[in-house]
Amino acid sequence: MSDAPKIAQKGPFAVDVTEGKAYFWCTCGQSSKQPFCDGSHKVSAFNPVKYVAEADEKVFFCGCKRTGNPPLCDGAHNKL
């Protein structure tokens with residue numbers, strides 16, 4: 001794996017989250033369970049980011065792995 005994360009998709013993943021539930025966002029881009037971690041990072045320096053939902057709502061997780069507000073999309077994919 002390179003030093004830069006793989007772009008999983010050039011846009012956010014819209015996910016309905018459950019209040020109080022923890023989610024682990026993939027930072028390496030290699031997971032087959034995007035936007036969440038499946039352990040693919042284990043041979044790299046990447047680690048997942050824990051996100052705990054504050055409410056039952058739709059959340060937009062970053063798909064390009066370039067966000068400045070991990071794990072949420074900040075529109076960084078528009079500059080790719």
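The legends below accompany an overall view and several close-ups of a predicted model.

**Figure 1. The whole chain, built from four strands.** Let us begin with the fold as a whole. The secondary structure comes to 0 helices and 4 strands, and from the N terminus on the elements run β-β-β-β. With a radius of gyration of 12 Å, close to the 12 Å that the globule rule gives for 80 residues, the chain is as compact as a globular protein of that length. The C-alpha trace spans about 35 × 30 × 20 Å along its principal axes. Of the 80 residues, 38% are buried. Contacts also reach across the sequence: among those between residues at least 6 apart, 60% join residues at least 24 apart. The chain exposes about 4,800 Å², and carbon and sulfur atoms supply 48% of that area.

**Figure 2. The largest nonpolar core.** Here the view moves inside, to a core of 13 residues. Which of its residues touch the most other members? They are V15, V17, Y23, Y51 and F61. Two or more residues of this core come from each of strand 1 (13–17), strand 2 (22–25) and strand 4. Strand 1 gives the largest share, 3 residues.

**Figure 3. V15 and its surroundings.** This close-up picks out V15, one of the core residues that touch the most other members. Neighbours within four places in sequence are left aside here, and V15 is then in contact with P35, F36, E57, K58, V59 and F61. Two of these partners return in other views: F36 and F61 both belong to the aromatic cluster, and P35 follows a cis peptide bond from Q34.

**Figure 4. A cluster of aromatic rings.** The model has 4 aromatic pairs. One of them brings together Y51 and F61 in an edge-to-face arrangement, with 5.4 Å centre to centre and 85° between the planes. This pair links distant parts of the chain, since Y51 sits in strand 3 (residues 49–52) and F61 in strand 4, 10 residues apart. Are these two residues buried or exposed? Y51 has a relative accessible area of 13%, under the 20% cut-off, so it is buried. F61 is buried as well, at 0% relative accessibility. Stepping back from the pair, ring pairs link Y23, F36, Y51 and F61 into a cluster.

**Figure 5. C62 and C64, two cysteines without a disulfide.** It is worth pausing at these two sulfur atoms. How many disulfides does the structure hold? The number is 0. C62 is in no disulfide, and the nearest cysteine sulfur, that of C64, is 3.7 Å away. Why is there no bond between C64 and C62? The 3.7 Å from the sulfur of C64 to that of C62 is too far for a bond, because a disulfide needs the two sulfur atoms within 2.5 Å. Both residues are buried: C62 has a relative accessibility of 2%, and C64 has one of 1%.

**Figure 6. K65, a lysine with a positive phi.** This view turns to the backbone. K65 has a positive phi of about 70°, although it is not a glycine. The residue is found in the segment after strand 4. Is K65 buried or exposed? With a relative accessible area of 7%, K65 is buried.

**Figure 7. Two cis peptide bonds that lead into prolines.** The first panel shows the bond that joins Q34 and P35, which is cis with omega about 10°. P35 lies in the loop between strand 2 and strand 3. The other panel shows the peptide bond from P70 to P71, also cis, with omega near 10°. P71 is in the segment after strand 4.

**Figure 8. C73 and the residues around it.** The last close-up stays in the segment after strand 4 (57–61), where C73 is placed. How much of C73 is accessible? Its relative accessible area is 26%, which lies between the 20% and 50% cut-offs, so C73 is partly exposed. Neighbours within four places in sequence aside, C73 is in contact with P12, F60, F61, C62 and T67. Among these partners, F61 is part of the aromatic cluster, and C62 is in no disulfide. Looking towards the start of the chain, the C-alpha atoms of C73 and A14 are separated by 9.7 Å, while the two residues are 59 apart along the chain.

Note on methods. Residues are numbered from 1 along each chain as its sequence is written. This is a predicted model: local features need pLDDT of at least 70, side-chain atom pairs count only at pLDDT 80 or more; totals for chains, interfaces and linings use all residues. Side-chain values use heavy atoms; hydrogens and water are left out. Buried means under 20% relative accessible area, exposed over 50%, partly exposed in between (1.4 Å probe, protein chains only). Contact means heavy atoms within 4.5 Å. Rings of Phe, Tyr and Trp (its six-membered ring) pair if their centres lie within 6.5 Å; planes under 30 degrees apart count as stacked, over 60 as edge-to-face and the rest as tilted. A nonpolar core is a set of buried Ala, Val, Leu, Ile, Met, Phe, Trp, Tyr and Cys residues joined through side-chain atoms within 4.5 Å. The radius of gyration is taken over C-alpha atoms; the globule rule is 2.2 Å times the number of residues to the power 0.38. Accessible areas come from the Shrake-Rupley method with a 1.4 Å probe; for residues, only the protein chains shown count as cover.
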